[in-house]
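Trainee: Please take a close look at the pocket lining in this model. Then set it beside whatever else in the fold deserves attention.

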Amino acid sequence: MRENVVQAALRHKVIAIARGVAPEQSLPLARALYAGGIRLLELTFAQKEPESFRQTAASIARLRQEFGEEMFMGAGTVLTVEQAELAHEAGAQFIVSPDVNADVIRRTVELDMASFPGAMTPTEVMTAHRAGADLVKLFPVARLGAAYVKDLVAPISHVPLLAVGGVNVDNAAEFLKAGCVGVGVGGQLVNKEKIAAGDWAGITETARRMMAVVEQG
């Protein structure tokens, strides 16, 4: 499973990030994103609300049942081994973190889930890579800029990087051209105003625009 997820991330290039989405909204959201070409979806744990962890895991399980192998489901903002294990029990296929935690990376790999930890500096990127990360999430990439990505990739081009944090339709191509293999997109793709309005067609259209950008890049 792990290798299939990695290959899907490299092929489709976009991971949609769903943060703060209510359980009853997760299924129509996933359907709208899928219709727009998105094939990887990350549901994040709300770290300030530990009581919601199992609810998030239940949403992941529901989406896995709905989509099977047609769309890959992951857990985001995973900070502990226990959270990685909870996500695995729910059927998560990849784990995304904002930091480099070697224990989380190793446990993720042991459980045959793809590991996408977050890093900013060359040292953090290489620490994640050596711990077994499949792709490293360069975060927060919009504040760092495409020039930073290009400089970082030059000496460590063997480590595949995902651009995450402030990525949108307008700047995604810059990060791909600078050397990233894919992007993670939150607010623009998983737009809370459109979700609240039930504008699923609008979400699908944004997803289509994003996929058109990365396919050209």
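Mentor: By class, the lining of the largest pocket consists of seven nonpolar, seven polar and two charged residues. Keep in mind that the model is predicted. The lining comprises 16 residues in total, and the pocket they enclose has a volume of about 270 Å³. Nearest to the centre of this pocket are G20, V21, T44, A46 and T56. Three elements supply two or more residues each to the lining: helix α2 (23-35), strand β2 (40-44) and helix α3 (53-67). Of these, α3 contributes the most, with three residues. As for the principle behind such a search, rolling a probe the size of a water molecule over the atoms shows where empty space is left.

The second largest pocket has a volume of about 190 Å³. Its lining is made of 15 residues, and I17, R19, K137, F139 and V164 are the closest to its centre. Sorted by class, the lining of the second largest pocket holds seven nonpolar, five polar and three charged residues.

F139 leads to a point of backbone geometry. The peptide bond that joins F139 to P140 is cis, and its omega is near 0°. P140 sits in the loop that connects β7 (136-138) with α7 (141-144). A second backbone feature is found at K13, which is not a glycine yet has a positive phi of about 70°. K13 also belongs to a loop, the one between α1 (2-12) and β1 (14-18). Both features are worth a look because most residues other than glycine have a negative phi, and most peptide bonds are trans.

Last, a helix pair. Helix α4 (residues 81-90) and helix α5 (residues 102-110) have axes that come within 9 Å and cross at roughly 25°. Angles under 35 degrees count as roughly parallel, so α4 is roughly parallel to α5. The crossing in which α4 passes α5 is right-handed. On the α4 side the contact is made by V81, A84 and E85, and on the α5 side by D103, V104, R107 and T108. Divided by class, this contact of α4 with α5 has three nonpolar, one polar and three charged residues.

Definitions and conventions. Residues numbered from 1 in each chain as written. Predicted model: local features only at pLDDT ≥ 70, side-chain atom pairs only at ≥ 80, totals over all residues. Heavy atoms only, no water. Axes fitted to C-alpha atoms, helices over the stretch in contact; angles between N-to-C directions. Helix = DSSP H or I, 4+ residues; strand = E, 2+ residues; numbered from the N terminus. Parallel < 35°, antiparallel > 145°, perpendicular 65-115°, else oblique. Left-handed = near helix turned anticlockwise from the far one by under 90°. Contact = heavy atoms within 4.5 Å. Nonpolar A, V, L, I, M, F, W, Y, C, P; charged D, E, K, R; others polar. 1 Å grid on protein atoms, 1.4 Å probe; cavity = no way out; pocket = protein on both sides within 12 Å on 5 of 7 lines; lining within 4 Å. Points joined across faces, edges and corners; volume = space filled by probe spheres on them.
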